[in-house]
Amino acid sequence: MKNVIRSFKTITDELREKLELTINDYEFTYYKEIDDEIIEKEIFVESDGDTQSNSNRLMLSTKDSDFDSERHGFNIYGSLNVDNPKALFGKDGIANESSTIGVAISWRSKQSKQRNVSKVAKIISKDQHTAIDFFYEFEKQTLRDELVFEVILYLENFADEGKNMSYHAKRVGTIFGVLDSFVIALDGTGSLFPIVVAPSNNDPLWCLDMHFNDPRTDSFSAENICIRINSNHENYELLDMDKGGMYTSVLLREIVANAIAMIIFHLKSDSEIWESILTDDFEESSICNFVRYCINTHHWKYDGIAELSRSVRKKFDSISGGKNDLGRIEH
Amino acid sequence: MIWEELSINQCIEIVESWNNQPYSQTDGEYEMLKRELSREYGNLIDKGYKGYGLDLKFGIYLYELLNSKYKFDLRKASNDGLWRHMAVKVIPGLICERYGGVKHDHLYKKAVRIWPKTLWWYIYLSWQGDSKSTYEVLKNNTTDEILNLVERPGQSGYRIDLSRKIMKKYYSLSIDEKKRNRNIFRKVVKLNNALTMTLEPALFSGGLDGYVDYLFNLVLKESRAIK
């Protein structure tokens, strides 16, 4: 994805602060049928930060419920507040005083190959305060893996003021940017690396399979890149895959750490690709996106393969099971 | 129905084992599915369908059969492993016949080119409410339209309602208009992908209908100007 140059003003961190935006925790529910009655039940959510607002990733958990992404859809309740909506309008804002700014939710899932939007609220310059409350239903059996969920601002109505600022968008439907954005992971508690278990007569205990054509667009998923564990191998038992595998298997953690170091080093050896990673020139959920996430979240050394491998494994040593899932395993 | 998946590696092994003589490996409900698809394919060939005409007729049959009888759904349709299994284990013979040989891209190698998957998504993205209307809207197209619609999803997924309206609008262009501007559909898709970087069609003036009119006007105006 090439960086888009916009000829109009968009939402910046600075503007978000001026808006006095507060975001309440999102709530998730699903519909369950009990005795011919449909009941709405809460879904427990895990996040990759200590609080929801510090997180980029919310994972729908099967804890305390029989929520099953294979069978159930899910619902999201959101509540945001803008206490200084005036900051959006006028000379320093993104739209002129007479225009209307719309709030919508926008979601997209590369793995599910779909995206959609839904209007939620409107803001005009006279507003003292904007309450954004919404409820959105995701139908069952339509989505897989994960989706990006955003609360966006767009131009709902343009009012010509005669002398308009050139940097104010005029086309209705133009997207100004996001008030909030995060990933909702549906299947499992979020994965760090795709792992596939399959029997083989020739292979070693594990291999890193790379089938991608372009890491900037190809998704970070098993069909493009995965650790393939050979269940026929004599040392397979040492992995403890069946015993709640990820948290207890030291050997598996070593494998994942090595695989991560390998893919990072592989991409680094292509200067064009590495440049794309550093300039955020890649598609969401792509392999480059994953490497970028690693770079942003951890401070590993990339000078040489040995140093990189050491940094990754050191990091993994500090992940002692429980909070961070290392991978979703497919058999 | 227990749906099975194949990884790319597994497909490579299976296709290699054919020694250029593809054969299916099915049991249970998959055996039934194979028979139904093979029978329909055979019928269409006997009636003289080939190329795009065959793709369209077979595609609509596959779409309706999978969805109604086999309880297929969108979540499964985005699972490439599932399509690879269908291509390589259930109907490899049909695919090789359609493409005149063992073509890896259409069997498993290129995610957007696995034949049954391409057909299902082409129909789904063009669906007009029922198979008859859908057939009507798509009957004048070619394999180019399939390629441009399915292989150019743009950023992070298809906008399904938009895609269906684009197909309907495209159908409404006169045959002359389309012929005169050979690559009009490709231009529409490409322009749409460019516009949606900063603009959301459903939020446009007049909603999706307003956007589709706007999109086509831009493409047609440019094409006329060139002439």
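**Group meeting: the A–B interface and a helix pair**

Chain A and chain B bury about 3100 Å² between them, with 51% of that on carbon and sulfur atoms. Keep in mind that this is a predicted model.

On the chain A side, three residues lose the most area to chain B: K113(A), R115(A) and R171(A). Together they make up 24% of what that side buries.

How many residues are in contact? 37 residues of chain A touch 30 residues of chain B.

Now the polar part. Across the interface, 14 residue pairs are in polar contact, both residues at pLDDT 80 or more. Three strands of chain A each supply at least two residues of the side touching chain B: β7 (100-109), β8 (114-123) and β10 (146-157). β8(A) gives the most, with four residues. By class, that side of chain A has 16 charged, 11 polar and 10 nonpolar residues.

Salt bridges next. The count between chain A and chain B is two. One of them pairs the side chains of E70(A) and R75(B), at 3.0 Å, N to O.

Last topic, inside chain A. Helix α3 (residues 250-268) packs against helix α4 (residues 271-278). The angle is about 110 degrees, and the axes are 6 Å apart. How are the two helices oriented to each other? Angles of 65 to 115 degrees count as roughly perpendicular, so α3(A) and α4(A) are roughly perpendicular.

Which residues meet there? From α3(A), I264(A), L267(A) and K268(A). From α4(A), S271(A), I273(A), W274(A) and I277(A). By class, this contact has five nonpolar residues, one polar and one charged.

Methods:
Residues numbered from 1 in each chain as written. Chains lettered and ligands numbered in written order. Predicted model: local features only at pLDDT ≥ 70, side-chain atom pairs only at ≥ 80, totals over all residues. Heavy atoms only, no water. Axes fitted to C-alpha atoms, helices over the stretch in contact; angles between N-to-C directions. Parallel < 35°, antiparallel > 145°, perpendicular 65-115°, else oblique. Contact = heavy atoms within 4.5 Å. Nonpolar A, V, L, I, M, F, W, Y, C, P; charged D, E, K, R; others polar. Buried area = accessible area lost by both parts, 1.4 Å probe. Salt bridge = Lys/Arg side-chain N within 4 Å of Asp/Glu carboxyl O. Polar contact = N/O pair within 3.5 Å; in protein donor to acceptor, adjacent residues only side chain to side chain.
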